[in-house]
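Hello,

Here is the structure I promised to pass on to you. Please have a look through it, and then read my notes underneath.

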Amino acid sequence: MKKISIVGAGNTGATAAHWLAERELANVVLLDVVEGMPQGKGLDLLEAMPIIGRDAKVVGTNDYADTKDSDIVIITAGIARKPGMSRDDLLKTNAEIVGKAATETLKYSPNAIFIVLTNPLDTMAYLVMKKTACPAPASSVRLGFWTPPVCAPSWQWNQASAWKMSNATFWADTATRWFR
Ligand SMILES: NC(=O)c1ccc[n+]([C@@H]2O[C@H](COP(=O)([O-])OP(=O)(O)OC[C@H]3O[C@@H](n4cnc5c(N)ncnc54)[C@H](O)[C@@H]3O)[C@@H](O)[C@H]2O)c1
C-alpha cells in the first residue's frame, strides 16, 4: 500500500488521515510538534480499522524519521492568527513551520509529491515548491494545481511536486484516481 505522511495533526490533518484510512487509500503517518497528540489520534484511527473492515495502518509520531519513503506528504501544520497578530506575522511564522516541514520530510522522502494546505496557501505552496526544488530535468514539474485526470499519467511519482488543494475530500478523490 502507498504511504502518506501528514505534517500537522490538527483539525485538517486528522480529518485527512481519517478520510485516507477509511478509504484504505494508504498507510498514514500523522506527525505533529505536540508530544503524544498525534500518537493518540493515530491509535484511535488504527483501532477503528478492523471495525470497518479496513487494513490501513495509521501511526502518530513527533519524529520525521517515521515519514521515511512516503509517496505523498501533506503539509497542514501551522498556527491560526492570534489577537494582535498581523497577516505578515502569520506569514512569517507559518513560513518557518512549513519550510521546516518541507525540508525535513524531503530528507526522508526525496521522491514524494507534496500537497500543501497551510495558509496563506499560495505563498506556502510556492515556498514548498522552492524548498523541494531538485536539479533538472525533474525541475520541469514543481508546482501542481488541479489537473484533469487525463493529464495525471504525465505527473510521475518520481517528481517531487507541491500540490495546491482545497480540502480533505479533494485530496482523497485525487489519491483514489492515482492509486487505483
Ligand atoms: N487550504 C484549505 O482549503 C484549508 C482549509 C482549512 C484550513 N487550512 C489551513 O490549514 C492550516 C491548519 O488548519 P487546522 O484547522 O488543521 O489547524 P489546527 O490548529 O487544528 O492544526 C494545526 C496543527 O499544526 C501543528 N503544528 C504547529 N507547528 C508545527 C510544527 N512546527 N511541526 C508540526 N506540526 C506543527 C499544531 O500543533 C496543530 O496540531 C491553517 O493554516 C489553516 O488556515 C487550509
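Below is what I found, going from the overall fold to the ligand and then to one helix and a loop residue.

Please keep in mind that this is a predicted model. The protein has 5 helices and 7 strands, and from the N terminus on its elements run β-α-β-α-β-β-α-β-α-β-β-α. Of its 180 residues, 37% count as buried. Among contacts between residues at least 6 apart in sequence, 70% join residues at least 24 apart.

Next, the core. The largest nonpolar core has 39 residues, and those with the most contacts inside it are Ile6, Ala17, Val28, Ile75 and Val128. At least two core residues come from each of β1 (3-7), α1, β2, β4 (72-75), α3, β5 (113-116) and α4 (121-131). In soluble globular proteins, nonpolar side chains tend to be buried together. If you want one residue to start from, try Ile6: leaving out residues up to four places away in sequence, Ile6 touches Gly13, Ala16, Ala17, Val28, Leu30, Leu31, Ile74 and Thr76.

Now to the ligand. There are 23 residues around it, and Gly8, Gly10, Thr12, Ala77 and Asn119 come nearest. Two elements, α1 (11-22) and α3 (87-108), give two or more residues to this shell; α1 gives the most, with 3 residues. By class, the shell has 11 nonpolar, 11 polar and 1 charged residues.

Helix α2 is worth a look too. It spans residues 37-48, so 12 residues in the helix, and reaches 17 Å from its first C-alpha to its last, close to the 16 Å expected at 1.5 Å a residue. Pro38, Lys41, Gly42 and Leu45 are buried in α2. Seen down the helix axis, the buried residues of α2 fall within an arc of 100°, so they line one face of the helix. Their cover includes α1, β2 (27-31) and β3 (58-61).

Finally, Lys57 sits in the loop between α2 and β3. Is Lys57 buried or exposed? Lys57 lies in between: it is partly exposed, because 15 other C-beta atoms lie within 10 Å, whereas 20 or more would make a residue buried and 12 or fewer exposed. Not counting residues up to four places away in sequence, Lys57 touches Asn27 and Leu46. Lys57 and Gly42 are 15 residues apart in sequence, and their C-alpha atoms are 8.8 Å apart in space.

Happy browsing, and best wishes!

Methods:
Residues numbered from 1 in each chain as written. Predicted model: local features only at pLDDT ≥ 70, side-chain atom pairs only at ≥ 80, totals over all residues. Near = placed C-beta within 6 Å. Helix = DSSP H or I, 4+ residues; strand = E, 2+ residues; numbered from the N terminus. Nonpolar A, V, L, I, M, F, W, Y, C, P; charged D, E, K, R; others polar. Expected span 1.5 Å × (residues − 1). Arc of directions from axis to C-beta. Contact = placed C-beta atoms within 7 Å. Core = buried A, V, L, I, M, F, W, Y, C linked by C-beta atoms within 7 Å.
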